[in-house]
Number of protein chains: 2
Amino acid sequence: MAGILNGLRVVEGSAFVAVPLAGMTLAQMGADVIRFDRLEGGLDAGRWPLAPSGKSLFWAGLNKGKRSIAVNMNHPEGRDLITRTITAPGEEAGVFLTNLRVRGWMDYETLRRHREDLIMVTLLGDRHGRPQVDYTVNPALGIPDITGPEGHEGPVANALPAWDLIAGHMCVSSVLAAERHRLRKGSGQEVTLTLKDIAAATIGHLGMIGDAVLNKEQRTKSGNALYGAYGQDFLCADGRRIMVIGLTRRQWAGLVEVTGTGQEMELLARRTGRNLTDEGVRWQLRKEITEILAPWFAARPVNVIAQTFDEAKLTWSEFRTVKEAVACDPDLGPDNPIFTELAQEGLGRFPVPGHVADFSGLDREKPRAAPSLGANTEEILSEVTGLDDTEIARLFDKGIVGGGRSARLYTAA
Amino acid sequence: MAGILNGLRVVEGSAFVAVPLAGMTLAQMGADVIRFDRLEGGLDAGRWPLAPSGKSLFWAGLNKGKRSIAVNMNHPEGRDLITRTITAPGEEAGVFLTNLRVRGWMDYETLRRHREDLIMVTLLGDRHGRPQVDYTVNPALGIPDITGPEGHEGPVANALPAWDLIAGHMCVSSVLAAERHRLRKGSGQEVTLTLKDIAAATIGHLGMIGDAVLNKEQRTKSGNALYGAYGQDFLCADGRRIMVIGLTRRQWAGLVEVTGTGQEMELLARRTGRNLTDEGVRWQLRKEITEILAPWFAARPVNVIAQTFDEAKLTWSEFRTVKEAVACDPDLGPDNPIFTELAQEGLGRFPVPGHVADFSGLDREKPRAAPSLGANTEEILSEVTGLDDTEIARLFDKGIVGGGRSARLYTAA
């Protein structure tokens with residue numbers, strides 16, 4: 001195994017999007033990531049989408065490149081095994097990443113008794129200790145209120161679990177920052193983040209809190225318009241819809257140029273006494289601008305527009321369904337070096353993404369499939385936890401651990 | 001300056017969301033982040049939202065805690081100053097973060113002639129070298145197609161620039177991973193990411209590519225329903241709307257329990273021959289489930305529901321506008337240790353977020369305001385670039401650098 005984080009070992013106790021994504025990202029960067037689960041699998045073991053077989057594509061996607069150990073944590077011996085796995089020796093080990101809040105044996109204070117320099121990164125729901133999910137944090141902060149078609153009544157939630165995804169990547173940087181600190185100072189620590197804080201801080205970073213406090217007029221739903229400058233969706237002659245960007249001065253000038261609407265924009269500017277080279281003015285006059293531009297798009301099919309826009313180096317794209325995108329866009333398939341076609345048992349064959357960042361000092365890592373539940377129980381107990389074959393056999397026989405040997409037998413059958 | 005990344009120095013050449021967010025995040029973790037801009041400011045200097053004064057709240061939010069240097073990069077001396085700033089000595093310096101693609105003097109190959117172990121992290125639009133923004137990547141991958149009210153015709157884009165935000169945090173982890181590698185192996189490198197690859201890989205991680213390839217039936221718009229299990233928005237007796245989660249078995253059982261709908265759910269299960277403890281069945285039968293639950297919510301105001309749900313430890317939240325959230329939610333104000341009320345010149349007073357992660361080994365850093373353009377030109381030229389006062393004065397007089405002294409004079413006037 002190569003990869004930029006080669007040598008680092010992270011133990012993950014998790015479910016759902018954020019922390020599994022964090023562990024998977026670390027694994028795709030070359031870390032040895034061990035995810036532990038109870039014998040029947042975690043809360044996300046059957047999360048949708050599913051393959052035709054009923055197996056979870058969600059699990060397969062968010063656990064790529066990890067090792068899996070399945071343990072009965074209701075049994076004291078099981079809890080002891082997880083403790084030993086988390087706190088196993090090794091200069092680059094002793095990193096625990098979790099969104100489970102298990103009081104007692106899995107507390108930072110308890111775990112660090114077994115390894116003084118432990119790093120534990122915990123993602124919680126909110127600072128009051130309540131569970132939160134992307135679907136509750138988002139409404140509470142107002143994003144669905146400003147999403148959706150203009151005039152539509154009621155909130156519109158996004159189909160993408162954006163806060164979970166951001167939280168996952170913030171867990172990655174928290175691990176790396178704490179490990180950097182440990183390397184220099186020798187000390188570990190507990191790092192705590194909450195999903196709601198991440199969302200609250202982010203809307204602050206984007207200026208939305210200042211906007212809410214300082215301005216009388218508030219942002220409302222504006223359909224697919226680019227906020228604060230010009231960018232709009234247009235229906236083309238062939239019934240396809242495209243998104244066109246006039247954010248920078250260059251993009252705006254180019255858009256006016258290729259559509260031949262210079263005179264009309266000039267008239268609009270004169271009529272309103274506003275300067276369209278000011279991005280905020282374009283935002284305020286977006287409806288008038290769109291009215292001027294729309295006929296040009298309505299008269300041309302996408303392929304003609306594409307050629308014109310690409311020649312002029314304008315920024316635009318076509319609206320597609322996910323299926324269309326996967327079928328027609330080479331960026332979503334093996335033509336793109338981040339993707340590899342993998343045939344996965346019980347799932348089928350489809351393009352699987354590896355880590356996105358290209359580190360010039362290293363070869364690009366191919367994505368490795370997710371393990372089945374407990375696929376690595378035996379090797380982890382042997383290599384990491386340091387048990388001998390007799391002990392491991394006893395743990396399997398007593399049903400304190402699962403997967404591993406049995407999983408292999410099952411596969412061979 | 002304390003903070004977990006204390007000692008690290010990053011030079012940032014950027015605009016818009018992703019890379020400014022990355023630099024800001026590193027700064028809030030304690031790194032010394034120097035953002036350079038041309039004399040008239042970057043492409044995002046006036047980005048919306050704006051304060052009543054016309055100053056950009058966007059700039060203020062995404063450049064917190066950085067130092068700013070303003071340089072005329074059309075002049076060879078200006079380019080030389082930026083080169084020297086990027087490649088200045090220091091074991092923890094020599095990290096350059098950018099989304100500008102400037103061929104020639106700002107190429108990795110050119111810059112590394114001045115510092116062999118340079119780390120350069122570049123975020124591009126797509127792998128073909130085309131510019132892309134959140135608003136173009138998102139339509140191309142199909143997210144707006146599955147967002148929005150059921151039955152609504154046409155795509156619905158999200159109001160949150162989710163891909164930009166994710167890209168920013170992936171730039172943070174790319175910097176930290178490359179710097180970790182340099183510390184161990186001594187060598188720097190170029191790291192390249194693209195916004196489109198980030199989005200494409202992410203939908204793959206979430207199982208959406210496998211779903212598109214393997215399944216006949218495709219995901220469609222489903223309003224505010226939680227995908228793949230149960231979660232739905234409800235209108236309450238007082239006209240407020242709430243989001244209720246029945247994702248895990250515990251949440252689902254609790255929801256049925258507090259609403260007293262056990263018998264009706266039992267009947268639904270019998271009638272359909274399906275098992276509602278299976279999360280996928282709840283997703284498929286979400287309309288029937290919602291029909292059973294809706295009258296309970298319609299008969300009660302939010303405050304009554306809140307008490308019942310909180311006592312039962314269920315996961316739910318209220319839909320709010322951003323303004324309501326800022327006005328009523330203590331998580332968005334100084335009651336939350338991540339926020340500090342700052343009075344910023346030309347903007348006004350409002351709660352400003354610091355870094356979200358709490359590192360137990362260090363005190364929490366208070367957020368520091370964004371610099372005005374070129375506010376630190378003089379000190380950077382002196383401390384980092386190593387120029388003497390005479391040289392600095394000459395550069396200001398020749399108009400090769402800006403801000404700094406002049407900015408201070410302006411403030412004093």
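These legends describe close-up views of the interface between chain A and chain B in a predicted model.

**View 1. The whole interface of chain B and chain A.** In this view, 145 residues of chain B touch 145 residues of chain A. The size of an interface is often given as the accessible area lost when the parts come together. Between them, chain B and chain A bury about 12,200 Å², and carbon and sulfur atoms account for 65% of this area. Three residues, B:Trp48, B:Arg180 and B:His205, supply 6% of the area that chain B buries against chain A, more than any other three residues.

**View 2. Salt bridges and polar contacts between the chains.** The rule finds 16 salt bridges across the interface of chain B and chain A. One of them joins the side chains of B:Asp329 and A:Lys196, with 2.5 Å from N to O. The count of residue pairs in polar contact between chain B and chain A is 60, with both residues at pLDDT 80 or more.

**View 3. The side of chain B that touches chain A.** Helix α7 of chain B, residues 162–185, gives the most to this side, with 17 residues. By residue class, the side of chain B that touches chain A divides into 81 nonpolar, 41 polar and 23 charged residues.

**View 4. Strands paired across the chains.** Strand β12 of chain A (residues 358–359) and strand β6 of chain B (residues 189–194) run antiparallel. Two bridges join these strands. Within this pairing, A:Asp358 stands opposite B:Thr192, which belongs to β6 of chain B.

Note on methods. Residues numbered from 1 in each chain as written. Chains lettered and ligands numbered in written order. Predicted model: local features only at pLDDT ≥ 70, side-chain atom pairs only at ≥ 80, totals over all residues. Heavy atoms only, no water. Contact = heavy atoms within 4.5 Å. Buried area = accessible area lost by both parts, 1.4 Å probe. Salt bridge = Lys/Arg side-chain N within 4 Å of Asp/Glu carboxyl O. Polar contact = N/O pair within 3.5 Å; in protein donor to acceptor, adjacent residues only side chain to side chain. Helix = DSSP H or I, 4+ residues; strand = E, 2+ residues; numbered from the N terminus. Nonpolar A, V, L, I, M, F, W, Y, C, P; charged D, E, K, R; others polar. Pairing = 2+ DSSP bridges.
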